Amino acid sequence: MNLPSFLWLWRIAAWSMGLTLTGYGLLAVTGGVLFYTRSREQGRSAWLRPLHIVLGTGVVLLVLVLLAIGVIGTLGEYGRLGHSLHLLFGLAVVALVLASAWSATRIAVERPWARSLHVGLNGALGIALAAAGLSGWQVVQKYLP
């Protein structure tokens with residue numbers, strides 16, 4: 001397939017990845033504030049938890065957009081998947097973000113394990129995002145003049 005016809009797809013992927021990383025950073029900040037206020041038994045703003053949930057939902061949607069772009073773009077260019085480690089890193093990001101979202105829905109007083117799992121998954125997600133970003137940059141270099 002002709003690469004220039006896919007240029008718009010790569011632009012969407014670049015914006016999606018940038019927004020995903022920004023969202024992840026904002027989630028780390030809002031999650032840190034939630035942890036701080038809970039550990040100090042302080043009151044917190046009523047909008048903080050809903051903001052954290054909206055940001056998390058946005059990151060999940062962006063990661064799914066990135067998955068779709070990766071599959072469509074790779075199949076369109078090569079006709080098959082698995083040309084680099086980027087696929088493995090990307091699938092790890094998808095699995096971790098979905099597992100993190102699931103664990104977030106389990107957080108409750110009667111399930112103390114869920115919060116620890118959520119935080120641990122998000123730590124692993126940060127590493128996977130870095131790996132996917134770096135390997136994705138290497139993939140994109142193949143297409144640039």
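Start in the middle: select Val63, Val93, Val97 and Leu125, the residues with the most contacts inside the largest nonpolar core, which has 20 residues. Keep in mind as you click around that this is a predicted model. Now colour α1 (7–39), α2, α3 and α4 (112–141), since these are the elements that give two or more residues to this core. The largest share comes from α2, with 6 residues. In soluble globular proteins, nonpolar side chains tend to be buried together.

Zoom in on Leu125 next. Leaving out residues up to four places away in sequence, Leu125 touches Tyr24, Val93, Leu96 and Val97.

**Along α2**

Now select the whole of α2, residues 48–78. This helix has 31 residues, and from its first C-alpha to its last it reaches 44 Å, close to the 45 Å expected at 1.5 Å a residue. Show the side chains and look for the buried ones, among them Leu48, His52, Leu55, Val59, Val63 and Ile69. Gly73, Thr74 and Gly76 are also on the buried list. What lies over these residues? The cover for the buried residues of α2 includes α1, α3 and α4.

Step past the end of α2 and you meet Gly79, which has a positive phi near 85°.

**Out to the surface**

Switch on the surface and pick Leu61, Leu64, Leu67, Leu75, Leu81, Leu87, Leu91 and Leu98: they form a nonpolar patch with about 610 Å² of accessible area together. Two elements give two or more residues to the patch, α2 and α3 (86–106). Which of the elements gives the most? That is α2, with 4 residues.

Click on Leu61 for a closer look. Leu61 sits in helix α2, and it counts as exposed because its relative accessible area is 51%, where exposed means over 50%.

**A stop in α3**

Move to Ser100, in helix α3. Is Ser100 buried or exposed? Its relative accessibility is 5%, and the cut-off for buried is under 20%, so Ser100 counts as buried. To see its company, add His118, Leu121 and Asn122, which Ser100 contacts once neighbours within four places in sequence are set aside.

**Last stop: a loop**

Finish at Glu41, in the loop between α1 and α2. Check the backbone here: phi is positive, about 55°, although Glu41 is not a glycine. Glu41 has a relative accessible area of 73%, so it is exposed.

Terms used
Residues are numbered from 1 along each chain as its sequence is written. This is a predicted model: local features need pLDDT of at least 70, side-chain atom pairs count only at pLDDT 80 or more; totals for chains, interfaces and linings use all residues. Side-chain values use heavy atoms; hydrogens and water are left out. Patches are made of residues with over 30% relative accessible area and no salt bridge: like charges are joined within 9 Å, nonpolar side chains (Val, Leu, Ile, Met, Phe, Trp, Tyr) within 5 Å. Accessible areas come from the Shrake-Rupley method with a 1.4 Å probe; for residues, only the protein chains shown count as cover. A salt bridge is a side-chain nitrogen of Lys or Arg within 4 Å of a carboxyl oxygen of Asp or Glu. Buried means under 20% relative accessible area, exposed over 50%, partly exposed in between (1.4 Å probe, protein chains only). Contact means heavy atoms within 4.5 Å. A nonpolar core is a set of buried Ala, Val, Leu, Ile, Met, Phe, Trp, Tyr and Cys residues joined through side-chain atoms within 4.5 Å. The expected span of a helix is 1.5 Å times one less than its number of residues.
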